[in-house]
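Subject: Structure handover

Hello,

Here is the structure I promised to pass on. Please open it first, then read my notes below.

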Amino acid sequence: MNGRPHELPEGTALTGLLETVAPDPRGVAVALNGSVVRAAEWPATPLRDGDLVEVVTAHQGG
């Protein structure tokens, strides 16, 4: 994820990974192997060995 390897149990869905790095999914965007995945699809999106996941969070500030 974001260029660093992560070990996950087999069959983990995208939400399983995100819960560890972004407990509050508001303002989070995710790309899986270069394609954006809509938040509604995260629970049904399984991760496989070698997948490339990029997680971006929006930050507000001045």
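**Alanine 31 and its strand**

Alanine 31 touches Val36, Leu52, Val53 and Glu54, leaving out residues up to four places away in sequence. Please keep in mind that this is a predicted model. Alanine 31 is found in strand E1. Its relative accessibility is 18%, so alanine 31 counts as buried, the limit being under 20%. Methionine 1 is 30 residues away from alanine 31 in sequence. In space, the C-alpha atoms of alanine 31 and methionine 1 are 9.9 Å apart.

Valine 30 is found in strand E1 too. Is valine 30 buried or exposed? Valine 30 counts as buried, at 3% relative accessibility. Its contact list, without neighbours within four places in sequence, has several parts. From the stretch before valine 30 come Leu14 and Leu18. Then there are Ser35, Val36, Val37 and Trp42. Val53, Glu54 and Val55 complete the list. Leucine 14 is 16 residues from valine 30 in sequence, and their C-alpha atoms are 9.1 Å apart.

Leucine 32 also has its place in strand E1, which covers residues 28–32. Leucine 32 is buried, with a relative accessible area of 14%. Beyond four places in sequence, leucine 32 touches Val37, Thr45, Leu47, Asp51, Leu52 and Val53. One of these contacts, leucine 52, is 20 residues away in sequence. From C-alpha to C-alpha, leucine 32 and leucine 52 are 5.7 Å apart.

**Just past the strand**

Asparagine 33 lies in the loop between E1 and E2. What is unusual about its backbone? Most residues other than glycine have a negative phi. Asparagine 33 is not a glycine, yet its phi is positive, at about 55°. Asparagine 33 is partly exposed, with a relative accessible area of 43%.

**Three threonines**

Start with threonine 45. Where does threonine 45 lie? Threonine 45 is in the loop between strand E2 (35–37) and strand E3 (53–57). Despite the loop setting, threonine 45 counts as buried, at 12% relative accessibility. Which residues does threonine 45 touch, apart from those up to four places away in sequence? They are Thr12, Ala13, Leu14, Leu32 and Val37. The side chain of threonine 45 also reaches the backbone oxygen of glutamate 41, at 2.6 Å.

Threonine 12 is next. Threonine 12 lies in the segment before helix H1 (14–21). Threonine 12 is buried, with a relative accessible area of 13%. Its side chain reaches the backbone oxygen of proline 9 at 2.6 Å. Setting aside residues up to four places away in sequence, threonine 12 touches Leu17, Thr45, Pro46 and Leu47. Thr45 is thus one of the residues that threonine 12 touches.

Threonine 20 has its place in helix H1. Is threonine 20 buried or exposed? With a relative accessible area of 59%, threonine 20 is exposed. A polar atom of the threonine 20 side chain lies 2.6 Å from the backbone oxygen of leucine 17. Threonine 20 and glycine 50 are 30 residues apart along the chain. Their C-alpha atoms are separated by 19 Å.

**The whole chain**

Now step back. How many helices and strands does the chain have? The secondary structure comes to one helix and three strands. Along the sequence, the pattern reads α-β-β-β. The radius of gyration is 12 Å, close to the 11 Å that the globule rule gives for 62 residues, so the chain is as compact as a globular protein of that length. The C-alpha atoms fill a box of roughly 40 × 25 × 20 Å, taken along the principal axes.

Of the 62 residues, 27% count as buried. Alanine 31, valine 30 and leucine 32 are among the buried residues. Contacts with a separation of 6 or more were also sorted by distance in sequence. Residues 24 or more positions apart account for 57% of those contacts.

The surface comes last. The chain exposes about 4,700 Å². Carbon and sulfur atoms supply 53% of that area. The chain has 4 positive and 8 negative charges. The mean positions of the two sets are 8 Å apart.

Best regards

Definitions and conventions. Residues are numbered from 1 along each chain as its sequence is written. This is a predicted model: local features need pLDDT of at least 70, side-chain atom pairs count only at pLDDT 80 or more; totals for chains, interfaces and linings use all residues. Side-chain values use heavy atoms; hydrogens and water are left out. Helices (H or I, at least four residues) and strands (E, at least two) are DSSP runs, numbered from the N terminus. Buried means under 20% relative accessible area, exposed over 50%, partly exposed in between (1.4 Å probe, protein chains only). A polar contact is a pair of N or O atoms within 3.5 Å; within protein, one must be able to donate a hydrogen and the other to accept it, and residues adjacent in sequence count only if both atoms are side-chain atoms. Contact means heavy atoms within 4.5 Å. The radius of gyration is taken over C-alpha atoms; the globule rule is 2.2 Å times the number of residues to the power 0.38. Accessible areas come from the Shrake-Rupley method with a 1.4 Å probe; for residues, only the protein chains shown count as cover. Lys and Arg count as positive and Asp and Glu as negative; His and the chain ends are not counted. The place of a charge is taken as NZ of Lys, CZ of Arg, CG of Asp or CD of Glu.
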